[in-house]
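User: I would like to learn how to read a protein model. Could we go through some features one at a time?

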Amino acid sequence: MLVSGADGIWASVCNEGAAMGNASSCVTVLNLVRMGNRKILKKFNCTYLRQAAINVTKITTGIPPHKNQPIYGTRALDFVFDLNPEEFDLATFFGEQAPTRITSLSSPEMIRDHLEDTFGKHEAFTLEVAYMMKELILEDLRGGRWAPLTNTDIISLGYDRV
C-alpha cells in the first residue's frame, strides 16, 4: 500500500496493542527509514518508537516483546552476518552497541570479536582458533547438536577441543 502511494496507516505502535489486522507502526515507520525515507525522521521521534513499542507490549501483555520481534525485540539489533554494513544501522540509530550473535554463518572474525567482547582480549583468541571453533560449530551442526552454546561451551570449544 505504501509503495502504491498510501499516505497513512492504521496501526498500534506494537503488534499487541490493537485489534487483529494491524501492522505495527513502529516496524512500518522504521522500515521506511531503513529503506531511505529520511523525511519521516523530521515528522516522528523515531528513536523513541522502539521504546514505546516495548512499553506498550509490556502494558498490554504483562511481558516484554518476543525476543525475535523485528525492531523492538531483544534480538532485533544483533549483528548476525559479517557482510558490508548497511547504510542504515539499526543499533547505531538507537544509540546501542549491536551484540554479535554466533551462528553457523558467523565468520572467524566475528567469533574472535565475540570472544574478546565476552571474555576480554587474550592472546589465545586468534583467527586460527576462531576458524577451528567455526569448524567445530559446523561439525556439531552436521552431527545434530543444535543447542545454543553457553559461555562454558565456548571455553570448552576453544581450549578443550581445539
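Analyst: The turns below go through cores, a helix and aromatic rings. Keep in mind that this is a predicted model.

User: Which residues have the most contacts inside the largest nonpolar core?

Analyst: A nonpolar core is a set of buried nonpolar residues joined through their side chains. The largest one here has 20 residues, and those with the most contacts inside it are Cys26, Leu30, Cys46, Ile71 and Tyr72. Two or more residues of this core come from each of α1 (25–34), α3 (46–61) and α4 (90–93). A second core, separate from that one, has seven residues, including Leu115, Phe125, Val129 and Ile137.

User: What does Tyr72 touch, leaving out residues up to four places away in sequence?

Analyst: Among its contacts are Cys14, Glu16, Cys26, Val27, Arg50, Ile54, Thr57 and Pro65. Take Thr57 as the next example; Thr57 is in helix α3. Thr57 counts as buried because its relative accessibility is 1%, and the cut-off for buried is under 20%. With the same sequence neighbours left out, Thr57 touches Cys14, Glu16, Gly62, Ile63, Pro64, Pro65 and Tyr72.

User: How many residues does helix α5 have, and what should they span?

Analyst: First the general idea. An α-helix has 3.6 residues a turn, so residues three or four places apart point the same way. Helix α5 covers residues 108–119, which is twelve residues. At 1.5 Å a residue the expected span is 16 Å, and the end C-alpha atoms are 16 Å apart, so the two agree. The buried residues of α5 include Met110, Ile111, His114 and Leu115. After α5 comes Gly120, with a positive phi near 90°.

User: How many aromatic pairs are there, and why is the pair of Phe93 and Phe94 edge-to-face?

Analyst: A pair of aromatic rings is described by the distance of the centres and the angle of the planes. The count is two aromatic pairs. For Phe93 and Phe94 the ring centres are 5.2 Å apart and the planes are at 75°, so this pair is edge-to-face; the cut-off for that class is over 60 degrees. Both Phe93 and Phe94 are buried. Phe119 and Phe125 form a tilted pair, with 6.3 Å from centre to centre and 40° between the planes.

User: Are Phe119 and Phe125 buried or partly exposed?

Analyst: Phe119 is partly exposed, with a relative accessible area of 36%. Phe125 is buried, at 10%.

User: Where does the charged end of Arg50 sit?

Analyst: The charged end of Arg50 sits over the ring of Phe94, 5.6 Å from the ring centre.

Technical notes: Residues numbered from 1 in each chain as written. Predicted model: local features only at pLDDT ≥ 70, side-chain atom pairs only at ≥ 80, totals over all residues. Heavy atoms only, no water. Core = buried A, V, L, I, M, F, W, Y, C linked by side-chain atoms within 4.5 Å. Buried < 20%, exposed > 50% of the residue type's maximum accessible area, 1.4 Å probe, protein only. Helix = DSSP H or I, 4+ residues; strand = E, 2+ residues; numbered from the N terminus. Contact = heavy atoms within 4.5 Å. Expected span 1.5 Å × (residues − 1). Phe/Tyr/Trp six-rings, centres within 6.5 Å; stacked < 30°, edge-to-face > 60°. Lys NZ or Arg CZ within 6 Å of the ring centre and 35° of its normal.
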